[in-house]
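This report concerns helix packing and ligand contacts.

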Amino acid sequence: MSIREYAIAAIPADGIGIEMTEATIEVLKVLERRFPDIRLNFETFDWGSDYYKKHGEMMPADGLKTLEPFDAILFGAVGTPDVPDHISLWGLRLEICQGFDQYANVRPTRVLPGIASPLRNCEPGDLDWVIVRENSEGEYSGMGGRAHRGHPEEVGTEVSIFTRTGVNRIMRFAFHTAQSRPRKLLTVVTKSNAQRHGMVMWDEIAAEVAKEFPDVTWDRMLVDAMTARMTLNPKSLDTIVATNLHADILSDLAGALAGSLGVAPTANIDPERRYPSMFEPIHGTAIDIAGKGIANPIASFWTAVEMLDFLGEQAAADALMTAIEQTTWAGILTPDVGGKAGTVDVTNAVVSAILDSDVQRKSVG
Ligand code: ATP
């Protein structure tokens, strides 16, 4: 038996990121027992807000060089009330995303069995989306400035940057994603009626790239109308591509419609695989519940599914996703999704489902 080995850098960072990453590594170690031809070699880094308080930086200056040889990064969550957001976010998470040119942020959303969507009449399967978020430029390019601070004539600018290269590559990634899914359906979101430059360029590039994917059906939506369509007609959507800001907002809505932020995963991908990609739950540090043992680990487990999938370990990814669905379907749920279970109960249930291969073969309804 030849063994496929992967080096995984774990960065739990802050708040519930620490307990969620720990539970995820535990689950992945159990998955290794079921798939003995896979070996996941974890190295955990203590970077984050506590590290900042000791060292004056969120990670060492050569942090990116340290991470570069890894096959993937498993990230928890970053931020704490006593370190300013712009330091904690830009000093770690965004530093990695930008340093490794992880330009595609992928956010799968689905209503898991046993979890209720706040939408009326939302049957299982009605809401099954992948949101592709441009992750390297646009509204979050950091361009802009302030002048005449504190004076009545103070001015602040926040400039969106859209490049042909940037839009082209995210569009191509989104069409590929849509093509790989059964419905082959893509919705391109902009605001090109009111924003007449960069957004019109998005629309034009979408039409150009679409010609390379004749088997993908695509349409365009304005972002405001998109919120209504997601809420009123979720079934009409499959893959969605949008700018950094628009997709940020739409994916929070998607997470809420799927039941809770506590179940939503995300992946920051370098599609060209020049650098390691980074996998993290959508939720943040949730300081209000950190250390209480009630945080939902499903988002983090699903994040691990995305990681295995990206590493090409489809069978292990499917087995973990099935174990997650077995657990939610059985009603072993944390309070954020209406249950009474703790993090440990959900983790143990997923572990049992992984190990019980008979259970794996049963349908989850
Ligand atoms: P940050 O500033 O790091 O983004 P935050 O607390 O403002 O953190 P989130 O962590 O995204 O934002 O969470 C918002 C709320 O959603 C939390 O206060 C928490 O109650 C709930 N929440 C988030 N993640 C989970 C989870 N995994 N399990 C249960 N509840 C969660």
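Two helix pairs are described below, followed by the surroundings of the ligand.

The model is predicted: local features require pLDDT of at least 70, side-chain atom pairs count only at pLDDT 80 or more, and totals for chains, interfaces and linings use all residues. Residues are numbered from 1 along each chain as its sequence is written, and side-chain values use heavy atoms, with hydrogens and water left out.

Helix 5 (residues 164-180) and helix 6 (residues 198-210) have axes that come within 9 Å and cross at roughly 50°. Helix 5 is therefore oblique to helix 6 (neither under 35 degrees, nor over 145, nor 65 to 115). Their contact (heavy atoms within 4.5 Å) includes Arg164, Met171 and Phe175 of helix 5 and Trp202, Ile205 and Glu208 of helix 6. By class, this contact has ten nonpolar, one polar and three charged residues.

The axes of helix 7 (residues 223-232) and helix 8 (residues 244-257) come within 11 Å and cross at roughly 15°. These two helices, helix 7 and helix 8, are therefore roughly parallel. Among the residues making the contact are Met226 and Met230 of helix 7 and Leu250 and Leu253 of helix 8. The contact of helix 7 with helix 8 has seven nonpolar, three polar and no charged residues.

Around the ligand there are 13 residues, of which Gly284, Thr285, Ala286, Asp288 and Asn296 come nearest (a heavy atom within 4 Å). Polar contacts are pairs of N or O atoms within 3.5 Å.

| Ligand atom | Protein partner | Distance |
|---|---|---|
| nitrogen | His283, side-chain N or O atom | 3.4 Å |
| oxygen | Thr285, polar backbone atom | 2.9 Å |
| oxygen | Ala286, polar backbone atom | 2.9 Å |

Terms used:
Axes fitted to C-alpha atoms, helices over the stretch in contact; angles between N-to-C directions. Helix = DSSP H or I, 4+ residues; strand = E, 2+ residues; numbered from the N terminus. Nonpolar A, V, L, I, M, F, W, Y, C, P; charged D, E, K, R; others polar. Polar contact = N/O pair within 3.5 Å; in protein donor to acceptor, adjacent residues only side chain to side chain.
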